[in-house]
Amino acid sequence: MKPLKELLNFKKKNPIGLDIGSGYIKAVQLNNAKDGYELSLMSILPLDHDLIVEGNITDKKRLAAAVKEVLKKAGARGGEAVIGVSGHSSVIIKKIAVPAMSAEELGTSIRYEAEQYIPFDINDVNIDFEIIGPKADEEGQMDVLLVAAKKNVISDYAEVIELAGLDALILDVDAFALSNMYELCYAGTDKKNVALVNVGASKTNINVLHEGRPVFTRDSAMGSNYHTETLERELEITWQNAEKLKMGESVAGVSPESVQLAMTSASDEIYTEIYRSFEYFKSSVADETEVSEVILSGGAALIKGFPEMMAEKLGMQVNVADPFNNIKISDKLDPGYVRKMAPIAAVAVGLALRRGGDKL
Ligand SMILES: Nc1ncnc2c1ncn2[C@@H]1O[C@H](COP(=O)(O)OP(=O)(O)OP(=O)(O)O)[C@@H](O)[C@H]1O
Ligand SMILES: [Mg+2]
């Protein structure tokens, strides 16, 4: 039985999950259906790759116009939006240990406790936290998940949302959006360590879950743009042609063998980066326990052979995320398109699942 509040809100539209990536904007909206959710809106739009560079928005007006366009494409207008931020230069997520205290007490002392863990000026960040529980090996201490997001990044995104005619409802973190998605789609409370790995255009978000809870998150600045850049450089072609080749299209004068070679070498670098994070997780966080399964999302999951080669290189099971696993797809949408693009929409689905409450 759903909470009464939710039943009474049956007619009210749920917020739009808006994932503004540096490569693609993704918008997703889920309706409350009789026995779960129905996907009522999914719209995806590629962005010019000079609009978000190293996590910074270079032109807010143009980005806002692109957000408007992604909504228009789907026949949607205003409304509330949940947006996400990520990237190691924008957000820090860390498990820290602090003296045991109530959430209220921690609320007043978190800035002081957090200062030593944050590589930015403490006055430049908004902080949120979640008490995980008593620290296993140290009495009087408790584990806390600390989230700190740069104020200027938050305000830039908020401005874009406003310019696009939306109300920013919640600001979330991509890694947590992924775990929301996982919870709904996989009902995961696995004892083993499951890594949610989202390889986007300019970064890779890793979120390792144990019993369904995030125990390790890391964003690295390596994404599928690396494929595009490698093709561009090795084959001496334009960025646009490199993107076409990535999608499996052909370009005059370019042999499939040379494409394959460049793609494989770029993929290898990405796998190595992910492997390094897993090794770090194993040695410093998880008492030598391994990640045993990857749920892969993001644009790179659509590259032919990428998930299979990843499984081989990492020596573990790699499953491509299906964020619509437990979600009915509205008759208004093209099911073929939704299925094809599903892995790219993973973060947006997680964002669309968020309801009021915590806010960075
Ligand atoms: N069909 C496809 N085949 C191969 N690659 C694809 C396909 N569709 C999209 N991509 C690639 O996926 C990337 C975009 O993925 P995604 O939307 O997950 O990234 P993003 O969220 O915009 O980036 P980031 O989070 O890193 O800022 C682009 O590099 C694009 O070239
Ligand atoms: Mg992304």
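1. Let me start with α5, where 12 of the 13 residues are buried, so this helix is largely enclosed by the rest of the structure. Bear in mind throughout that what we are looking at is a predicted model. The buried residues of α5 are Asp174, Ala175, Phe176, Ala177, Leu178, Ser179, Asn180, Met181, Tyr182, Leu184, Cys185 and Tyr186. From its first C-alpha to its last, α5 reaches 18 Å, close to the 18 Å expected for its 13 residues at 1.5 Å a residue. Just after the helix comes Ala187, with a positive phi of about 40°.

2. It helps to place that helix in the overall layout. The domain assignment splits the chain into domain 1, made of 1-88 + 150-187 + 326-360, and domain 2, which covers 188-320. Taken over C-alpha atoms, the centres of the two domains are 23 Å apart. Their contact draws 21 residues from domain 1 and 24 residues from domain 2.

3. Which elements give two or more residues to the side of domain 1 that touches domain 2? They are α5 (174-186) and α11 (346-352). The biggest share belongs to α5, which gives 8 residues, the most of any element on that side. By class, the residues on this side of domain 1 are 11 nonpolar, 8 polar and 2 charged.

4. Ligand 1 deserves a look alongside the domain contact. Both domain 1 and domain 2 give residues to the shell around ligand 1, so the ligand lies between them. The shell holds 19 residues, and the closest are Gly21, Ser22, Gly23, Gly200 and Gly299. Sorted by class, it has 6 nonpolar, 10 polar and 3 charged residues.

5. Pro323 is worth a click as well. This proline is found in the loop between β15 (317-320) and β16 (327-329). With 29 other C-beta atoms within 10 Å, Pro323 is buried. Leaving aside neighbours within four places in sequence, Pro323 is in contact with Met181 and Cys185, and also with Ala342, Ala345, Ala346 and Val349. Met181 and Cys185 are themselves among the buried residues of α5. As for Ile344, Pro323 is 21 residues from it in sequence and 9.2 Å from it in space, C-alpha to C-alpha.

6. Next, α4, which spans residues 151-163. At 1.5 Å a residue its 13 residues should span 18 Å, and the end C-alpha atoms are indeed 18 Å apart, which agrees. Val153, Tyr157, Val160 and Ile161 are its buried residues. Seen down the helix axis, these fall within an arc of 100°, so they line one face of α4. Turned away from that buried side is a face carrying the exposed residues Asn152 and Ser155.

7. What covers the buried residues of α4? The cover includes the strands β1 (16-20), β5 (56-57), β6 (80-85), β9 (141-150) and β10 (167-173), together with the helix α2 (60-73). Just after α4, Gly165 takes a positive phi of about 85°.

8. A third helix to inspect is α8, residues 256-285. It has 30 residues and reaches 42 Å from its first C-alpha to its last, close to the 44 Å expected at 1.5 Å a residue. Its buried residues are Val259, Ala262, Met263, Ala266, Ser267, Ile270, Ile274, Ser277, Phe278 and Phe281. Asp287 follows α8, and its phi is positive, near 50°.

9. Finally, two glutamates are worth checking for their backbone angles. Glu54 has a positive phi of about 50° although it is not a glycine, and it lies in the loop between β4 (52-53) and β5. Is Glu54 buried or exposed? It is exposed, with 12 other C-beta atoms within 10 Å. Glu236 likewise has a positive phi of about 50° without being a glycine. Its place is the loop between α6 (225-235) and α7 (239-246). Glu236 counts as exposed, with 8 C-beta neighbours inside 10 Å.

Key. Residues numbered from 1 in each chain as written. Chains lettered and ligands numbered in written order. Predicted model: local features only at pLDDT ≥ 70, side-chain atom pairs only at ≥ 80, totals over all residues. Domains from an automatic or database assignment. Contact = placed C-beta atoms within 7 Å. Helix = DSSP H or I, 4+ residues; strand = E, 2+ residues; numbered from the N terminus. Nonpolar A, V, L, I, M, F, W, Y, C, P; charged D, E, K, R; others polar. Expected span 1.5 Å × (residues − 1). Buried ≥ 20, exposed ≤ 12 C-beta atoms within 10 Å, placed from the backbone. Arc of directions from axis to C-beta. Near = placed C-beta within 6 Å.
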